[in-house]
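Walk me through this fold, from the overall layout down to single residues. Start with the elements, move on to the sheet, and finish at the ligand.

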Amino acid sequence: MNINKAEFICSNTNWKKCPKANLPEYAFIGRSNVGKSSLINALCNVKKLAKTSSKPGKTQLINHFLINSDTYFADLPGYGYAKTSKKNRAEFQKFTLNYLINRINLITVFLLIDLRLKPQKIDLEFIEYCGTNQIPFVICFTKADKLKKIEIENNNKNYQEELLKGWETFPLCFTTSSVEKTGLKEIKLFIKENNSQFKI
Ligand code: GDP
């Protein structure tokens, strides 16, 4: 799919107040600073649709964007930022999880993972949560431009090994860089294919 138009629709903390669930929706989630805003902006080919910030933990709302008038992107709060108070963290985790479980038009969650890091407990827990609650997800490894090809391969393999300890199959993965614009075409193709099968 080509993205010709991307507009911000609304922000909230309650899945019941999200836009009418009549279009296919893709959610983006990951640890703070993983490159989520940058990836959304790169996919939409705009500079400031999702806020890119070097200060982690800023976006703590569910932000909806209408893409091409026929698709929603939901930018979910980043998780695992230590400086957010415990109460805040618990609250946004609760509303994010409620959204994930209840949003009937959600096609898949793009789980963003920084490929430079070893598998992180918080990401593995989120994967576990998706599995237990039958929430479909795919992995987007981010910031691939910061790694050499061999490092990308090795780190990818490490992740596979870690996940295959608990799962029979490895989820679909995209390796991306918002800086070099890699992996974007593949993600858009994935969205196009899934949109064509969308029924509500
Ligand atoms: P978010 O908190 O997950 O939304 O992360 P941001 O998109 O705000 O990015 C966090 C930091 O990582 C910023 O300084 C970005 O410029 C940087 N960043 C994001 N994506 C990439 C990427 O693909 N390559 C590189 N080298 N840096 C990136």
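Helices and strands here are DSSP runs, numbered from the N terminus: a helix needs at least four residues, a strand at least two. By that count, Thr176 falls in the loop between β7 and α5. The model is a predicted one.

Take the overall layout next. The protein has 5 helices and 7 strands. Read from the N terminus, the elements follow the order β-β-α-β-β-α-β-α-β-α-β-α. Of the 200 residues, 46% are buried. The accessible surface of the protein is about 10,900 Å². Carbon and sulfur atoms account for 50% of that surface. Contacts reach far along the chain. Among those between residues at least 6 apart in sequence, 75% join residues at least 24 apart.

Now the sheet. Its 7 strands form an open sheet with mixed pairing. The order across it is β1-β3-β4-β2-β5-β6-β7. β1 (6–12) and β7 (173–175) stand at the edges. Each has a single partner strand, so one side of each has no neighbour in the sheet. From one strand to the next, the twist averages 25°.

Begin at the β1 edge and work inward. β1 pairs with β3 in the antiparallel sense, over 6 bridges. Within that pairing, Ala6 has Ile67 of β3 as its bridge partner. Strand β3 covers residues 62–67, and 6 of its 6 residues are buried. Its side chains split two ways. Ile62, His64 and Leu66 point one way. Asn63, Phe65 and Ile67 point the other way, and all of these residues are buried.

β3 then pairs with β4. These two strands run antiparallel and are joined by 5 bridges. The bridge partner of Asn63 in β4 is Asp75. The hairpin of β3 and β4 has 3 residues between the strands. In that hairpin, Asn68 takes a positive phi near 55°.

Next comes β2, between β4 and β5 in the sheet order. Which way does β2 run relative to β4, and how many bridges join them? The two run parallel, with 4 bridges. On the other flank, β2 (residues 25–30) runs parallel to β5 (residues 106–114), and 6 bridges join them. Tyr26 has a partner in both neighbours. In β4 its bridge partner is Phe73. In β5 the bridge partner of Tyr26 is Thr108. Glu25 also has a bridge partner in β5, namely Leu106.

Is β2 buried or exposed? Here 6 of the 6 residues of β2 are buried, so the strand is largely enclosed by the rest of the structure. The cover extends to both faces. Glu25, Ala27 and Ile29 are buried on one side. Tyr26, Phe28 and Gly30 are buried on the other.

Two helices show how the sheet is overlaid. Helix α4 (residues 149–164) lies across β5, β6 (137–142) and β7. It runs at about 150° to β6. Helix α5 (residues 184–195) lies across β2, β4 (71–75), β5, β6 and β7. Its angle to β5 is about 165°.

Return now to Thr176, in the loop that leads from β7 to α5. Why does Thr176 count as buried? Buried means under 20% relative accessible area. Thr176 is at 1% relative accessibility, so it counts as buried. Its contacts beyond four places in sequence include Leu39, Phe141, Thr142, Lys143 and Ala144. Thr182, Gly183 and Ile187 are also in contact with Thr176.

The ligand comes last. Which residues come nearest to the ligand? Of the 14 residues around it, they are Lys36, Ser37, Ser38, Asp145 and Ser178. Three residues place a polar atom by a ligand oxygen. From Val34, a backbone N or O atom lies 3.2 Å from an oxygen atom of the ligand. From Ser37, a polar side-chain atom lies 2.6 Å from an oxygen atom of the ligand. For Ser38, a polar side-chain atom is likewise 2.6 Å from an oxygen atom of the ligand. Taken alone, the ligand exposes 570 Å², and the protein buries 80% of that.

Key: Residues are numbered from 1 along each chain as its sequence is written. This is a predicted model: local features need pLDDT of at least 70, side-chain atom pairs count only at pLDDT 80 or more; totals for chains, interfaces and linings use all residues. Side-chain values use heavy atoms; hydrogens and water are left out. Two strands pair if DSSP finds at least two bridges between them. Axes are lines fitted to C-alpha atoms, for helices over the stretch in contact, and angles run from 0 to 180 degrees between N-to-C directions. Contact means heavy atoms within 4.5 Å. Buried means under 20% relative accessible area, exposed over 50%, partly exposed in between (1.4 Å probe, protein chains only). Accessible areas come from the Shrake-Rupley method with a 1.4 Å probe; for residues, only the protein chains shown count as cover. A residue is near a molecule or strand if one of its heavy atoms lies within 4 Å of it. A polar contact is a pair of N or O atoms within 3.5 Å; within protein, one must be able to donate a hydrogen and the other to accept it, and residues adjacent in sequence count only if both atoms are side-chain atoms.
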